[in-house]
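Please open the model in your viewer and keep the selection panel at hand. This tour goes from the whole chain to single residues and then to pairs of helices.

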Amino acid sequence: MIPQKNRFSEVNDWDEPEEEAYRVLSKEEMAALQASNAIKHPPLSPWKILAAQVAITALSMVIWSIFGEPIGVSLYTQSAFLGGLISVLPSALFLVRLELAKKTQILNPGNYLAALVSGEFIKIVVTLMLFLGVAFWIPGVLWAPLLVTYVLALKRVWLAWLWR
């Protein structure tokens with residue numbers, strides 16, 4: 001159906017909607033806005049998230065140690081440790097890459113974006129290398145504890161927003 005002009009209205013359906021007018025904020029207004037947002041939404045440290053991943057890994061190791069033949073350090077516990085390591089180590093490398101980018105003399109959005117992308121690439125490659133290394137060079141690894149701990153440590157990052 002072709003839009004037609006409404007007889008009872010002066011608005012033409014073919015006309016573009018009017019754009020909203022934007023107001024440019026002064027430096028003082030922008031500082032006040034940022035301060036109010038910082039109070040409402042405090043920044044979450046990525047190092048705290050990494051510490052939470054380590055804590056989840058340790059908790060998972062304790063829980064999986066109950067399932068082992070001798071209760072304590074067993075193959076279940078070692079596999080859970082490897083799953084946590086596969087999650088925590090690439091995240092730590094990613095954070096180190098971003099911290100190094102922040103400390104450079106020339107920090108502009110392009111350089112920081114390049115650091116973000118290269119850090120994510122490093123994270124993906126290291127994760128794949130660790131999974132392949134565990135699969136090929138560690139005999140008898142139990143995949144259930146490894147994968148459960150890996151997923152739990154990864155989900156800690158997703159649940160970090162609940163800390164706010």
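Begin with the whole chain selected: of its 164 residues, 25% count as buried, where buried means under 20% relative accessible area, exposed means over 50%, and partly exposed lies in between, with a 1.4 Å probe and protein chains only. This is a predicted model, in which local features need pLDDT of at least 70 and side-chain atom pairs count only at pLDDT 80 or more, while totals for chains, interfaces and linings use all residues. Residues are numbered from 1 along each chain as its sequence is written, and side-chain values use heavy atoms, with hydrogens and water left out.

Switch on a surface display: the chain exposes about 12500 Å², and carbon and sulfur atoms supply 69% of that area, as computed by the Shrake-Rupley method with a 1.4 Å probe, where for residues only the protein chains shown count as cover.

Now change to a cartoon view, in which you can look for five helices and zero strands; helices (H or I, at least four residues) and strands (E, at least two) are DSSP runs, numbered from the N terminus.

Next, select Leu-25, which is found in the segment before helix H1 (27-40). Is Leu-25 buried or exposed? Leu-25 is partly exposed, with a relative accessible area of 33%. Not counting residues up to four places away in sequence, Leu-25 touches Met-30 and Leu-33, a contact being heavy atoms within 4.5 Å.

Then select helix H2 (residues 46-65) together with helix H3 (residues 75-102), which pack at an angle of about 175° with their axes 8 Å apart. Axes are lines fitted to C-alpha atoms, for helices over the stretch in contact, and angles run from 0 to 180 degrees between N-to-C directions. H2 and H3 are therefore roughly antiparallel to each other, since angles over 145 degrees count as roughly antiparallel, under 35 as roughly parallel, 65 to 115 as roughly perpendicular and the rest as oblique. Show side chains where they meet: among them are Trp-47, Leu-50 and Trp-64 in H2, and Phe-81, Val-88 and Leu-95 in H3.

Finally, keep H3 and add helix H5 (residues 143-158): H3 and H5 pack at an angle of about 35°, with their axes 7 Å apart. Residues that meet here include Tyr-76, Leu-82 and Ile-86 in H3, and Pro-145, Tyr-150 and Leu-154 in H5.
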